[in-house]
Amino acid sequence: MKKDEVPQDKSRTYGGESKLMYAVDNDGKYTGVASSGWEVETYATVAAVEALEAQRNAALLRGKAGETSPLEYHMFDKRMDMATLTSSTGYGAWRVKRHLKPKIFNALPDSKLAPYCEAMGIDLQTLKSLPDADTDTPKANS
(Lines give C-alpha, C1' and ligand atoms only; values in the text may rest on other atoms or scores of the structure.)
Protein backbone atom coordinates (compact mmCIF):
# COMPACT_ATOMS: atom_id res chain seq x y z
CA MET A 1 0.00 0.00 0.00
CA LYS A 2 1.25 3.44 -0.88
CA LYS A 3 1.55 6.13 1.77
CA ASP A 4 -1.30 8.17 0.30
CA GLU A 5 -3.58 5.09 0.20
CA VAL A 6 -3.56 4.48 3.96
CA PRO A 7 -7.22 4.52 5.06
CA GLN A 8 -8.40 7.63 6.87
CA ASP A 9 -12.05 6.71 7.53
CA LYS A 10 -12.19 8.15 11.09
CA SER A 11 -13.23 4.89 12.73
CA ARG A 12 -15.48 5.16 15.78
CA THR A 13 -13.73 2.11 17.24
CA TYR A 14 -10.47 4.07 17.49
CA GLY A 15 -12.05 6.49 19.94
CA GLY A 16 -10.41 9.51 18.31
CA GLU A 17 -6.97 7.88 18.39
CA SER A 18 -4.89 6.80 15.43
CA LYS A 19 -3.12 3.58 14.53
CA LEU A 20 0.34 3.24 13.08
CA MET A 21 0.40 1.47 9.75
CA TYR A 22 3.26 0.86 7.38
CA ALA A 23 3.15 1.95 3.75
CA VAL A 24 5.55 2.53 0.90
CA ASP A 25 6.74 6.10 0.31
CA ASN A 26 7.74 7.70 -3.01
CA ASP A 27 11.24 6.16 -2.74
CA GLY A 28 9.80 2.65 -2.32
CA LYS A 29 10.77 2.42 1.36
CA TYR A 30 8.45 1.45 4.17
CA THR A 31 7.45 4.28 6.47
CA GLY A 32 5.01 4.70 9.34
CA VAL A 33 1.73 6.48 8.62
CA ALA A 34 -0.98 7.31 11.17
CA SER A 35 -4.41 6.04 10.17
CA SER A 36 -7.70 7.22 11.64
CA GLY A 37 -9.31 3.90 10.73
CA TRP A 38 -10.66 1.73 8.00
CA GLU A 39 -14.35 1.19 7.35
CA VAL A 40 -13.94 -2.56 6.81
CA GLU A 41 -11.96 -2.95 10.04
CA THR A 42 -14.62 -0.98 11.91
CA TYR A 43 -17.33 -3.28 10.56
CA ALA A 44 -15.41 -6.40 11.60
CA THR A 45 -14.66 -5.00 15.07
CA VAL A 46 -18.26 -3.96 15.70
CA ALA A 47 -19.53 -7.35 14.49
CA ALA A 48 -17.11 -9.17 16.82
CA VAL A 49 -18.13 -7.02 19.81
CA GLU A 50 -21.82 -7.59 19.05
CA ALA A 51 -21.23 -11.35 18.89
CA LEU A 52 -19.49 -11.29 22.29
CA GLU A 53 -22.32 -9.21 23.76
CA ALA A 54 -24.87 -11.72 22.45
CA GLN A 55 -22.87 -14.57 24.01
CA ARG A 56 -22.65 -12.60 27.27
CA ASN A 57 -26.39 -11.97 27.33
CA ALA A 58 -27.16 -15.62 26.60
CA ALA A 59 -24.75 -16.67 29.38
CA LEU A 60 -26.52 -14.28 31.77
CA LEU A 61 -29.86 -15.92 31.02
CA ARG A 62 -28.37 -19.42 31.42
CA GLY A 63 -26.71 -18.34 34.65
CA LYS A 64 -29.94 -16.95 36.08
CA ALA A 65 -31.65 -20.21 35.10
CA GLY A 66 -28.94 -22.18 36.96
CA GLU A 67 -27.69 -23.83 33.78
CA THR A 68 -24.18 -22.37 33.91
CA SER A 69 -21.91 -20.73 36.47
CA PRO A 70 -21.29 -16.96 36.64
CA LEU A 71 -17.84 -17.71 35.21
CA GLU A 72 -19.27 -17.99 31.69
CA TYR A 73 -21.01 -14.62 31.93
CA HIS A 74 -17.86 -12.88 33.21
CA MET A 75 -15.70 -14.55 30.56
CA PHE A 76 -17.82 -13.03 27.79
CA ASP A 77 -18.32 -9.77 29.67
CA LYS A 78 -14.53 -9.33 29.68
CA ARG A 79 -14.51 -10.10 25.95
CA MET A 80 -12.72 -13.39 26.39
CA ASP A 81 -13.33 -16.79 24.87
CA MET A 82 -12.39 -20.23 26.16
CA ALA A 83 -8.91 -20.10 24.59
CA THR A 84 -8.15 -16.70 26.10
CA LEU A 85 -9.40 -17.71 29.52
CA THR A 86 -7.48 -20.98 29.57
CA SER A 87 -4.24 -19.35 28.47
CA SER A 88 -4.57 -16.47 30.93
CA THR A 89 -5.39 -18.70 33.93
CA GLY A 90 -3.16 -21.66 33.19
CA TYR A 91 -6.13 -24.00 33.53
CA GLY A 92 -6.79 -26.53 30.80
CA ALA A 93 -9.92 -26.21 28.68
CA TRP A 94 -11.43 -29.34 30.23
CA ARG A 95 -11.04 -27.80 33.68
CA VAL A 96 -12.56 -24.46 32.68
CA LYS A 97 -15.49 -26.28 31.04
CA ARG A 98 -15.94 -28.20 34.29
CA HIS A 99 -15.94 -24.91 36.23
CA LEU A 100 -18.80 -23.67 34.04
CA LYS A 101 -21.04 -26.22 35.78
CA PRO A 102 -22.80 -24.43 38.66
CA LYS A 103 -22.50 -27.33 41.11
CA ILE A 104 -18.73 -27.63 40.51
CA PHE A 105 -18.16 -23.85 40.46
CA ASN A 106 -20.03 -23.28 43.73
CA ALA A 107 -17.87 -25.88 45.49
CA LEU A 108 -14.55 -24.37 44.37
CA PRO A 109 -12.35 -22.86 47.07
CA ASP A 110 -11.39 -19.21 46.67
CA SER A 111 -7.83 -20.28 45.84
CA LYS A 112 -9.09 -22.02 42.67
CA LEU A 113 -11.15 -18.96 41.70
CA ALA A 114 -8.30 -16.50 42.24
CA PRO A 115 -6.71 -17.10 38.79
CA TYR A 116 -10.03 -16.22 37.15
CA CYS A 117 -10.25 -13.02 39.20
CA GLU A 118 -6.72 -12.06 38.27
CA ALA A 119 -7.21 -12.83 34.57
CA MET A 120 -10.43 -10.83 34.38
CA GLY A 121 -9.50 -8.05 36.80
CA ILE A 122 -12.50 -8.62 39.09
CA ASP A 123 -12.86 -9.55 42.76
CA LEU A 124 -14.22 -12.82 44.16
CA GLN A 125 -17.62 -11.36 45.05
CA THR A 126 -18.10 -10.17 41.49
CA LEU A 127 -16.95 -13.51 40.02
CA LYS A 128 -19.44 -15.40 42.17
CA SER A 129 -22.38 -13.19 41.20
CA LEU A 130 -24.45 -12.17 38.21
CA PRO A 131 -25.68 -8.66 37.48
CA ASP A 132 -29.33 -7.72 37.46
CA ALA A 133 -30.50 -7.68 33.85
CA ASP A 134 -31.55 -4.04 34.07
CA THR A 135 -28.71 -2.57 36.15
CA ASP A 136 -25.47 -4.45 35.32
CA THR A 137 -24.86 -4.46 39.08
CA PRO A 138 -23.61 -7.86 40.28
CA LYS A 139 -25.71 -9.53 42.95
CA ALA A 140 -24.49 -12.40 45.08
CA ASN A 141 -25.48 -15.85 43.86
CA SER A 142 -27.01 -18.00 46.56
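This report walks through the fold, the core and a few notable residues of one predicted protein model.

Two notes before we start. Residues are numbered from 1 along each chain as its sequence is written, and side-chain values use heavy atoms, with hydrogens and water left out. Because the model is predicted, local features need pLDDT of at least 70 and side-chain atom pairs count only at pLDDT 80 or more, while totals for chains, interfaces and linings use all residues.

**Overall layout**

The protein chain has 7 helices and 4 strands; helices are DSSP runs of H or I with at least four residues, strands are runs of E with at least two, and both are numbered from the N terminus. Read from the N terminus, the order of elements is β-β-α-α-α-α-α-α-α-β-β. The radius of gyration is 20 Å, well over the 14 Å that the globule rule gives for 142 residues, so the chain is more spread out than a compact globule. Here the radius is taken over C-alpha atoms, and the rule is 2.2 Å times the number of residues to the power 0.38. Along its principal axes, the C-alpha trace spans about 65 × 35 × 20 Å.

Of the 142 residues, 31% count as buried, where buried means under 20% relative accessible area, exposed means over 50%, and partly exposed lies in between (1.4 Å probe, protein chains only). The accessible surface comes to about 9100 Å², and 50% of that belongs to carbon and sulfur atoms; these areas come from the Shrake-Rupley method with a 1.4 Å probe, and for residues only the protein chains shown count as cover. Among contacts (heavy atoms within 4.5 Å) between residues at least 6 apart in sequence, 48% join residues at least 24 apart.

**The hairpin at β1 and β2**

Strand β1 (residues 19-24) pairs with strand β2 (residues 30-35) in the antiparallel sense over 6 bridges; two strands pair if DSSP finds at least two bridges between them. Methionine 21 has valine 33 of β2 as its bridge partner, and leucine 20 stands opposite alanine 34 in β2. The hairpin has 5 residues between its strands, and glycine 28 takes a positive phi near 80 degrees there.

**The nonpolar core**

A nonpolar core is a set of buried Ala, Val, Leu, Ile, Met, Phe, Trp, Tyr and Cys residues joined through side-chain atoms within 4.5 Å. The largest one holds 21 residues, of which Leu71, Leu85, Tyr116, Met120 and Leu127 touch the most other members. Helices α1 (39-64), α2 (70-77) and α6 (110-120) are the elements that give two or more residues to this core. Leaving aside neighbours within four places in sequence, leucine 127 is in contact with residues including Pro70, Leu71, His74, Tyr116 and Met120.

Helix α2 deserves a look of its own: 7 of its 8 residues are buried, so the helix is largely enclosed by the rest of the structure. Those buried residues are Pro70, Leu71, Glu72, Tyr73, His74, Met75 and Phe76.

A search of the whole structure finds 1 aromatic pair. Tyrosine 91 and tyrosine 116 form this tilted pair, at 5.2 Å centre to centre with 55 degrees between the planes. (Rings of Phe, Tyr and Trp, the last by its six-membered ring, pair if their centres lie within 6.5 Å; planes under 30 degrees apart count as stacked, over 60 as edge-to-face and the rest as tilted.) The pair links distant parts of the chain, with tyrosine 91 in the loop between α3 (82-89) and α4 (93-99) and tyrosine 116 in helix α6, 25 residues apart. Both tyrosine 91 and tyrosine 116 are buried.

**Individual residues to find**

Two residues have a positive phi although they are not glycines.

| Residue | Phi | Place | Relative accessibility |
|---|---|---|---|
| Lysine 10 | about 50 degrees | segment before β1 | 70%, exposed |
| Arginine 79 | about 55 degrees | loop between α2 and α3 | 51%, exposed |

Threonine 42 is located in helix α1 and counts as buried at 12% relative accessibility. Not counting residues up to four places away in sequence, threonine 42 touches Ser11, Arg12 and Thr13.
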